[in-house]
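This briefing covers the strand pairing, the helix packing and the side-chain contacts of one predicted model. The points are grouped by topic.

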Amino acid sequence: MKEYKVLTQKDKWFSQKFDPEALEKALNSYASQGWEVVAAVTATFPGFIGGNRDEMVVILEREK
């Protein structure tokens with residue numbers, strides 16, 4: 001059986017801004033707990049003041 005985790009910019013590792021170093025730290029921390037990245041995408045959401053905003057979404061998986 002497998003379990004999944006969704007990592008987004010709203011996760012505790014980020015200040016709602018993309019930071020490659022913070023992403024690396026987060027992925028290494030989760031990897032030490034047995035998590036593996038299975039997908040990484042950007043999703044587009046409507047913004048509050050018109051326009052759209054893109055958000056990073058990383059899907060992690062590990063054996064339960």
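Strand 1 and strand 3 are paired in the antiparallel sense, over seven bridges. On the other pairing, strand 2 and strand 3 (residues 52-63) run antiparallel over 10 bridges. Together the three strands make an open sheet in the order 1-3-2. The model is a predicted one.

**Sheet and strand pairing**

- The edges of the sheet are formed by strand 1 (2-8) and strand 2 (36-46), each of which pairs on one side only.
- On average, neighbouring strands of the sheet are turned by 25° against each other, with direction ignored.
- Between strand 1 and strand 3, Val6 stands opposite Ile59.
- Val41 has Val57 in strand 3 as its bridge partner, and Glu36 has Glu61 in strand 3 as its bridge partner.
- Strands of a sheet pair through backbone hydrogen bonds, in either a parallel or an antiparallel arrangement.

**Hairpin**

- The hairpin of strand 2 and strand 3 has five residues between the strands.
- In this hairpin, Gly50 takes a positive phi near 70°.

**Helix packing**

- Strand 2 and strand 3, joined by 10 bridges, both belong to the sheet on which helix 1 (residues 20-31) packs.
- Helix 1 touches strand 1, strand 2 and strand 3.
- The direction of helix 1 makes about 165° with that of strand 1.

**Thr8 and Glu55**

- Thr8 lies in strand 1, while Glu55 is found in strand 3.
- The side chains of Thr8 and Glu55 are joined by a polar contact of 3.5 Å.
- Thr8 counts as buried because its relative accessible area is 18%, which is under the 20% limit.
- Glu55 is also buried, at 7% relative accessibility.
- Leaving out residues up to four places away in sequence, Thr8 touches Phe14, Glu55, Met56 and Val57.
- With the same exclusion of residues up to four places away, the contacts of Glu55 include Thr8, Gln9 and Lys10, as well as Val41, Thr42, Ala43 and Phe45.

**Salt bridges**

- How many salt bridges does the structure hold? There are three.
- Side chains of opposite charge can pair when their charged atoms come close.
- Glu61 and Lys2 meet through their side chains in a salt bridge of 3.5 Å, N to O. This pair links distant parts of the chain, with Glu61 in strand 3 and Lys2 in strand 1, 59 residues apart.
- Glu63 forms a salt bridge with Lys2, and the closest N and O atoms are 3.5 Å apart. Here Glu63 is in strand 3 and Lys2 in strand 1, 61 residues apart.
- Lys2, Glu61 and Glu63 are thus linked in a network of salt bridges.
- A salt bridge of 2.9 Å, N to O, joins the side chains of Arg62 and Glu3. Arg62 lies in strand 3 and Glu3 in strand 1, so this pair ties together parts that are 59 residues apart in sequence.

**Exposure of the charged residues**

- Is Glu61 buried or exposed? Glu61 is buried, with a relative accessible area of 16%.
- Its partner Lys2 is partly exposed, at a relative accessible area of 42%.
- Glu63 counts as exposed because its relative accessibility is 53%, and the limit for exposed is over 50%.
- Arg62 is partly exposed at 24% relative accessibility, and Glu3 is partly exposed with a relative accessible area of 24%.

Conventions
Residues are numbered from 1 along each chain as its sequence is written. This is a predicted model: local features need pLDDT of at least 70, side-chain atom pairs count only at pLDDT 80 or more; totals for chains, interfaces and linings use all residues. Side-chain values use heavy atoms; hydrogens and water are left out. Two strands pair if DSSP finds at least two bridges between them. Helices (H or I, at least four residues) and strands (E, at least two) are DSSP runs, numbered from the N terminus. Axes are lines fitted to C-alpha atoms, for helices over the stretch in contact, and angles run from 0 to 180 degrees between N-to-C directions. Contact means heavy atoms within 4.5 Å. Buried means under 20% relative accessible area, exposed over 50%, partly exposed in between (1.4 Å probe, protein chains only). A polar contact is a pair of N or O atoms within 3.5 Å; within protein, one must be able to donate a hydrogen and the other to accept it, and residues adjacent in sequence count only if both atoms are side-chain atoms. A salt bridge is a side-chain nitrogen of Lys or Arg within 4 Å of a carboxyl oxygen of Asp or Glu.
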